[in-house]
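Reader: Please take one part of this model and give me a close look at how its pieces pack. Keep it informal, and spell out any cut-offs as you go.

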Amino acid sequence: MRLLDLKERIEEHIDQISEFTATPGKGTTRLTYSQEDLQTRNYIKSKMKENGLKVKEDGFGNIFGKLEGTLKDAPSVMIGSHFDSVPNGGSYDGPAGVVAALEVARLFVENKFTPKYPLEIIALVEEEGSRFGGGLMGSRGIVGLLSNDDFRNLKDKDGVSTEEAMAKIGLDPSLPRIRDPKTMKSFLELHIEQGPILEEKKIPVGVVEAIVGLTQLEVTIKGQAGHAGTTPMDRRADALVTAAQIIGQLPQFAVAEGEGTVITTGRLNVFPNGANVIPDQVVFSVDIRSGMEKNVLNVIEKTKELIDSFNKDGIETSVEQLLYIQPKELNAGIRSLLKEKSEGLNIPYCSINSGAGHDAMVFSDYTEVGMLFIPSKDGLSHCPEEWSDSEDIAKAVQIFYEAAKSLTEAE
Ligand SMILES: [Zn+2]
């Protein structure tokens, strides 16, 4: 298998799909069940058919292309990603993973591999949530996290419902929707990193260890308001000075944990917010993310202790936890398989965490999931400048091809 041929084919797919946009010259705008969705859908289906895959859609409009295995009624090894976009997004977020999957299937057929377990290429709708909100709609639907009523009641900003929009491009909402987890053996997804790490390290492939957990705290500091001119410095309980002292110490907690742990204060509300009044109340956010739960828990504990230590001299502090989402570790067996195949192919890789949610995260509660990242130029995504090197996609295809041969027990 020649890497350059593969790279060229991938570039052709990406170029072709990027033409299916509602905003030519201003990036990719491909909303779910739009004309651009239909054009892309037809392209993906035709490429599946060219490779001899059996093509099916479900009642959400997700696309499946199946290469049957020799075992009867065996669960599928699935590879894929989503094909919708944000408004004025790029050509790679989503399609890179669909195109990679199509090429894996082509390699199976070209090299006449017969899998024992079926290989299934999947292309998912509405991951971004740009039309109907929420996001991850296609994958959540497949695993049964979106009820028929909830799906039916979703409307876009013009009041068009999901099923009306589907009918408009000839999709059939009455097709089966939920899929028994027993029909899934594993799921592999390639995605662009959407961050700067791989590019900076000059490593073409990242094996995703975990999709990070997310904790949001809301901190309230209460002090005493007073005149900025007449209140002596030793008589103040300044809520903003206290908040500043706390916020300034937070980053070191994440740095001390390492392993990609991050902490951010992005919102700060000061009351009464007058230039000549000592602030009597400050409310600020703390966002903590890490791939490892122990890191998250350590940072939460240190943050709460620090805030508590300022509870004196007329200052009252309190912390409310608004959100806690556990980090999701991806399947250990698949992670080692992907690393083993990268080594076998002499493709440099590193471990990485995903700071964003993906369809892979949804599937990880139902089947064995593995994920690869490739570098994003300048770490950019969700914009027309989004770019990844097709050679890196080609490398990921080689890794997935080898991994899929093992997982499908192809001969
Ligand atoms: Zn995406």
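**Around the last helix**

Author: H3 and H12 sit oblique to each other (under 35 degrees is roughly parallel, over 145 roughly antiparallel, 65 to 115 roughly perpendicular, the rest oblique). This is a predicted model, where local features need pLDDT of at least 70 and side-chain atom pairs 80 or more, while totals for chains, interfaces and linings use all residues. Residues are numbered from 1 along each chain as its sequence is written, and side-chain values use heavy atoms, with hydrogens and water left out.

Back to that pair. The axes of helix H3 (residues 95–110) and H12 cross at roughly 55° and come within 9 Å (axes are lines fitted to C-alpha atoms, for helices over the stretch in contact, with angles from 0 to 180 degrees between N-to-C directions). H3 and H12 make a right-handed crossing (the near helix is turned clockwise from the far one by less than a right angle; anticlockwise would be left-handed). On the H3 side, the residues are Ala 96, Ala 100, Glu 103, Val 104, Leu 107 and Phe 108, and they meet Ile 393, Val 397, Phe 400, Tyr 401, Ala 404, Lys 405 and Thr 408 of H12 (contact means heavy atoms within 4.5 Å). Sorted by class, the contact of H3 with H12 has 10 nonpolar, 1 polar and 2 charged residues (Ala, Val, Leu, Ile, Met, Phe, Trp, Tyr, Cys and Pro are nonpolar, Asp, Glu, Lys and Arg charged, the others, Gly among them, polar).

H12 has another partner, H1. Helix H1 (residues 3–18) and helix H12 (residues 390–408) have axes that come within 8 Å and cross at roughly 115°, so H1 and H12 count as roughly perpendicular. The crossing of H1 and H12 is right-handed. From H1, the residues Leu 3, Leu 6, Lys 7, Ile 10, Glu 11 and Ile 14 meet Ser 390, Glu 391, Ile 393, Ala 394, Lys 395, Val 397 and Gln 398 in H12. That contact of H1 with H12 splits into 7 nonpolar, 2 polar and 4 charged residues. Ile 393 and Val 397 are among the H12 residues that meet H1, and they are also among those that meet H3.

Two H1 residues show how far apart in sequence these neighbours can be. Arg 9 belongs to helix H1 and is partly exposed, with a relative accessible area of 28% (buried is under 20%, exposed over 50%, partly exposed in between, with a 1.4 Å probe and protein chains only). The C-alpha atoms of Arg 9 and Ser 390 are 9.0 Å apart, although their positions lie 381 residues apart along the chain. Leaving out residues up to four places away in sequence, Arg 9 touches Glu 103 and Arg 106. Glu 103 is also one of the H3 residues in contact with H12. Then there's Asp 5, likewise in helix H1, which is partly exposed at 30% relative accessibility. Asp 5 and Glu 391 are 386 residues apart along the chain, and their C-alpha atoms are separated by 9.9 Å.

Just ahead of H12, look at Ser 388, in the loop between strand S16 (368–374) and H12 (helices, H or I of at least four residues, and strands, E of at least two, are DSSP runs numbered from the N terminus). Ser 388 is buried, with a relative accessible area of 1%. Not counting residues up to four places away in sequence, it touches Tyr 92, Ile 192, Ile 374, Pro 375 and Ser 376. With Pro 375 there is a polar link too: a polar atom of the Ser 388 side chain lies 2.8 Å from the backbone oxygen of Pro 375 (a polar contact pairs N or O atoms within 3.5 Å; within protein, one must be able to donate a hydrogen and the other to accept it, and residues adjacent in sequence count only if both atoms are side-chain atoms). Ile 192 is 196 residues away from Ser 388 in sequence, yet their C-alpha atoms are 7.3 Å apart.

To put this corner in its setting, the protein has 12 helices and 16 strands, and its C-alpha trace spans about 85 × 50 × 40 Å along the principal axes. Of its 411 residues, 52% count as buried. Among contacts between residues at least 6 apart in sequence, 78% join residues at least 24 apart.
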